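Please keep the sequence and the three-dimensional view side by side while reading. The paragraphs below lead through the chain one region at a time.

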Amino acid sequence: MNRICVFEKGDLKETNPTMFMGPAFTFFVDERVTAVVGLAIIWPGVASVWSVIKDVRGHNFWFHRNAKRLLNETSTAWNIHRIQAAVSVKDPKAVKLIKSLGFHKESIMKKFGTDKTDYFYFVRF
């Protein structure tokens, strides 16, 4: 059984004066957490997407369809006009996924990672 757990505005905790955690979605397959995706609201209208994807093999279509739907619905509900994401240049699967969710590459962030790895900066309007 696949399901999604949603955290909404009432569940939010402010993390600092300029940014707070926005909505988050936990994806379950057979009662196992397979992925968590959320938004950090940077300021009104702008958010940064984050994710921890453990294992969606065999459920790629379901995960992709729902991740895209949730991004669309969340953008509308929270009045977000820009969502951005940082993706390691060393992770081609993540690059493919973020592009498939409607993001396009905006720039390269040199030595952005903790190991000084370059990251692509993706954006979705």
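Is glutamate 31 buried or exposed? In this predicted model, glutamate 31 has a relative accessible area of 53%, and it is therefore exposed, the cut-off for that class being over 50%. Glutamate 31 sits in the loop that joins strand 3 to strand 4, and its backbone has a positive phi of about 65 degrees although the residue is not a glycine.

With that loop as a starting point, the overall layout can be set out. The secondary structure of the chain comes to 2 helices and 8 strands, and, read from the N terminus on, the elements follow the order β-β-β-β-β-α-β-α-β-β. The chain has 125 residues, of which buried residues make up 39%. When contacts between residues at least 6 apart in sequence are considered, 47% of them join residues at least 24 apart.

Helix 1, which covers residues 60-77, is a convenient element to examine next. At 1.5 Å a residue, its 18 residues should span 26 Å, and the C-alpha atoms at its ends are 25 Å apart, which agrees with that expectation. The buried residues of helix 1 include Trp62, Phe63, Asn66, Ala67, Leu70, Leu71, Thr74 and Ser75. For reading such a list it helps to recall that an α-helix has 3.6 residues a turn, so residues three or four places apart point the same way. Just after helix 1, asparagine 79 adopts a positive phi of about 55 degrees.

The aromatic side chains offer a way from this helix to the strands. The count of aromatic pairs in the model comes to 4. In one of them, the ring centres of phenylalanine 27 and phenylalanine 63 are 4.9 Å apart and the ring planes stand at 65 degrees, so the pair is edge-to-face, a class that requires an angle over 60 degrees. Because phenylalanine 27 belongs to strand 3 (residues 19-29) and phenylalanine 63 to helix 1, this pair ties together parts that are 36 residues apart in sequence. Both phenylalanine 27 and phenylalanine 63 are buried, and Phe27, Trp62 and Phe63 form one aromatic cluster.

Which residues line the largest cavity? The lining consists of Phe25, Phe27, Val37, Gly38, Leu39, Val49, Ala67, Leu70, Leu71 and Thr74, and strand 3, strand 4 and helix 1 are the elements that each give two or more residues to it. Helix 1 supplies the largest share of this lining, with 4 residues. By class, the lining has 8 nonpolar residues, 2 polar residues and no charged residues. The space in the largest cavity is about 60 Å³, and the count of cavities of 30 Å³ or more comes to 1.

Glycine 38, one of the residues in that lining, lies in strand 4 (residues 32-43). Its relative accessibility is 2%, and because buried means under 20%, glycine 38 counts as buried. Once its neighbours within four places in sequence are left aside, glycine 38 is in contact with Pro23, Ala24, Ser48, Val49 and Trp50; of these, Val49 also takes part in lining the largest cavity. Glycine 38 and threonine 26 are 12 residues apart in sequence, while their C-alpha atoms are 8.6 Å apart in space.

The last region to visit is the loop between strand 7 (104-109) and strand 8 (119-124), where lysine 111 is found. Lysine 111 has a positive phi of about 50 degrees although it is not a glycine, and with a relative accessible area of 61% it is exposed. Threonine 117 is placed in the loop between strand 7 and strand 8 as well, but at 7% relative accessibility threonine 117 counts as buried. Leaving aside its neighbours within four places in sequence, threonine 117 is in contact with Ser88, Val89, Lys90, Met109, Lys111 and Phe112.

Why does lysine 111 count as exposed while threonine 117 counts as buried? Lysine 111 has a relative accessible area of 61%, which is in the exposed class because that class begins over 50%, whereas threonine 117, at 7%, falls under the 20% limit for buried residues.

Notes: Residues numbered from 1 in each chain as written. Predicted model: local features only at pLDDT ≥ 70, side-chain atom pairs only at ≥ 80, totals over all residues. Heavy atoms only, no water. Phe/Tyr/Trp six-rings, centres within 6.5 Å; stacked < 30°, edge-to-face > 60°. Buried < 20%, exposed > 50% of the residue type's maximum accessible area, 1.4 Å probe, protein only. Expected span 1.5 Å × (residues − 1). Contact = heavy atoms within 4.5 Å. 1 Å grid on protein atoms, 1.4 Å probe; cavity = no way out; pocket = protein on both sides within 12 Å on 5 of 7 lines; lining within 4 Å. Points joined across faces, edges and corners; volume = space filled by probe spheres on them. Nonpolar A, V, L, I, M, F, W, Y, C, P; charged D, E, K, R; others polar.
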